[in-house]
Amino acid sequence: MANISKKLLTELTSEEATGPFITFMLNTHHAHQDVEKDQIMFKNFAKEAKKRFEKKYTDHSFEPFQEKIDQLLADGDFWRSGTKSVAVILTANESYIHRLSISVDDQFYVSDLPYLLAIIKNAQFNYAYYLMALNRDSMKLYFVRNKEVKVVELPDDAPKDIVTALGDELTGGNLNVSARGGEVGSYHGVNTKDEEVEIDWVNYYQAVDSFIKELDNPDQLPLYLFALPENQTQFKKVAKNSYYSDKAAISGSPAQASFNEIKEEAQKLSEQLAEVETQTYQKLINRKFIDQLVDIVPAAKEGKISHLFIATSNLVDGFGEDPDVEYDRRQVLNEIADNVIKNGGQVFVLDQKDAPDEKSLLAILRY
């Protein structure tokens, strides 16, 4: 689970987070005309939320919520910083803004609990990591979070290329390196013996490994490679830093890759990680489980559930005959999820094909 989402879920399910809560789920856009539509939808949701709030919570004032809503409506930066969607969760004292990389159903909830399911789903298969585009004689570093890829600006003395890293220590003496950042064949000069090239190759990767080891990485995020297979093998031999992981990798030459191509490859790597993660879920079906809502509700309250899987097929609109009551399946599942998290369990909101045994609702029991 992405660290930022995990931190938010911990805050929202803690004893310090007290309701009532108003949760807005909105798809957001970049184009000026669409941004105005987003603002209008938020404003209309807020009007309806006020009606529902004042009917449901007669002993609470809506004024603190209205102040926060008005601040957001007037905040141009908030509306221009459009990701795919956003969750806005308000209490009388706090505002929680969480940018999402998934599409959501535009909706709002007025409840004793915040609406958690979209935040959980957004965190699922949403990996934060460093991606190193590694050639024999050069490297670039990228940071991936919330499915966004950013170039990491490296200091001048970083081992961006073999000359910067090794300088006079190049064993070839007069060995030169092309400025194109190419792969094998970029070496030329008077001393190009295979063993000398091998030594420089190893020494360069050791310098890169040392740099990564000292990287400012407070969240201890993993580092994956985009490199030719032989370069992956060589780096794996010398790597001593704890961040490097060979759990997934992109096999190919990044030498001439554009930034858009880097983003495409990062998406493929995230899919590899998702496949690995999904396989671990399948093994849980061998443990004791329940898959009926009537059994899952009390088990969640009693802290018996270690893993709860909710298929997205459950998340459908529908409030019954009285929309003001707000009794829908999402709210029921949201309360179950809240209980599971508060009791130390894990919750997953997945496409049904990714759930263990493709069940639409599944709770793995602790005992």
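**Group meeting: hairpin, two sheets and two cores**

Let me start with a local element: strand 2 and strand 3 form a hairpin, with 4 residues between them. Strand 2 covers residues 85-90 and strand 3 covers residues 95-100, and the two run antiparallel, joined by 6 bridges. If you want one pair to locate on the screen, take A87, whose bridge partner in strand 3 is H98.

I should say early on that what we are looking at is a predicted model. The protein chain averages a pLDDT of 87, and 89% of the residues score at least 70. There are two stretches where I would ask you to be careful: over residues 173-182 the pLDDT is below 50, although in the model this stretch has 28 contacts beyond near neighbours in sequence, and over residues 184-191 the pLDDT is again below 50, with 21 contacts counted in that way. Where pLDDT is low, the predicted coordinates should not be read in detail.

For the overall inventory, the protein chain holds 11 helices and 15 strands, and buried residues make up 50% of its 367 residues. If we take the contacts between residues at least 6 apart in sequence, 71% of them join residues at least 24 apart.

Now to the sheets. One of them is an open sheet of 5 strands, in the order 7-6-5-10-11, and its pairing is mixed. At its edges we find strand 7, residues 148-151, and strand 11, residues 244-251, each of which pairs on one side only. From one strand to the next the twist averages 30°. Within this sheet, strand 5 (residues 129-134) and strand 6 (residues 139-145) run antiparallel and are joined by 6 bridges, and Y130 has F143 in strand 6 as its bridge partner.

Helix 8, residues 229-238, lies across strand 5, strand 10 and strand 11 of this sheet, running at about 170° to strand 11. Which residues of helix 8 are buried? They are N231, Q232, Q234, F235 and V238. Seen down the axis of helix 8, these buried residues fall within an arc of 165°, so they line one face of the helix. What covers them includes strand 5, strand 10 and strand 11, and also helix 7, residues 194-213.

Let me stay with one residue of that helix, Q234. Is Q234 buried or exposed? Its relative accessibility is 6%, and because buried means under 20%, Q234 counts as buried. Leaving aside neighbours within four places in sequence, Q234 is in contact with E198, W201, V202 and Y205.

As a contrast in accessibility, consider E169, which lies in the loop between helix 6 (162-166) and strand 8 (176-177). E169 counts as exposed because its relative accessibility is 61%. From E169 to D200 the C-alpha to C-alpha distance is 8.5 Å, while the two are 31 residues apart in sequence.

The other sheet I want to show is an open one of 4 strands, in the order 12-15-13-14, again with mixed pairing. Its edge strands are strand 12 (289-290) and strand 14 (346-350), each pairing on one side only. Strand 12 runs antiparallel to strand 15, residues 361-365, and 2 bridges join them; in one of the pairings, F289 has I364 of strand 15 as its bridge partner. Helix 11, residues 329-342, lies across strand 13, strand 14 and strand 15, and runs at about 155° to strand 13, which covers 305-311.

That brings me to the interior. The largest nonpolar core has 38 residues, of which L117, I120, I305 and L308 touch the most other members. Helix 11 supplies the largest share of this core, 6 residues. There is also a second, separate core of 26 residues, which includes L134, I162, L170 and V238.

What does I305 touch, once residues up to four places away in sequence are not counted? The list is I296, A299, A300, V340, G345, A363, I364, L365 and R366. Among these, I364 is the residue we have just met as the bridge partner of F289.

How values were computed: Residues are numbered from 1 along each chain as its sequence is written. This is a predicted model: local features need pLDDT of at least 70, side-chain atom pairs count only at pLDDT 80 or more; totals for chains, interfaces and linings use all residues. Side-chain values use heavy atoms; hydrogens and water are left out. Two strands pair if DSSP finds at least two bridges between them. Contact means heavy atoms within 4.5 Å. Axes are lines fitted to C-alpha atoms, for helices over the stretch in contact, and angles run from 0 to 180 degrees between N-to-C directions. A nonpolar core is a set of buried Ala, Val, Leu, Ile, Met, Phe, Trp, Tyr and Cys residues joined through side-chain atoms within 4.5 Å. Buried means under 20% relative accessible area, exposed over 50%, partly exposed in between (1.4 Å probe, protein chains only). pLDDT is the predictor's confidence in each residue, from 0 to 100. The arc is that of the directions from the helix axis to the C-beta atoms.
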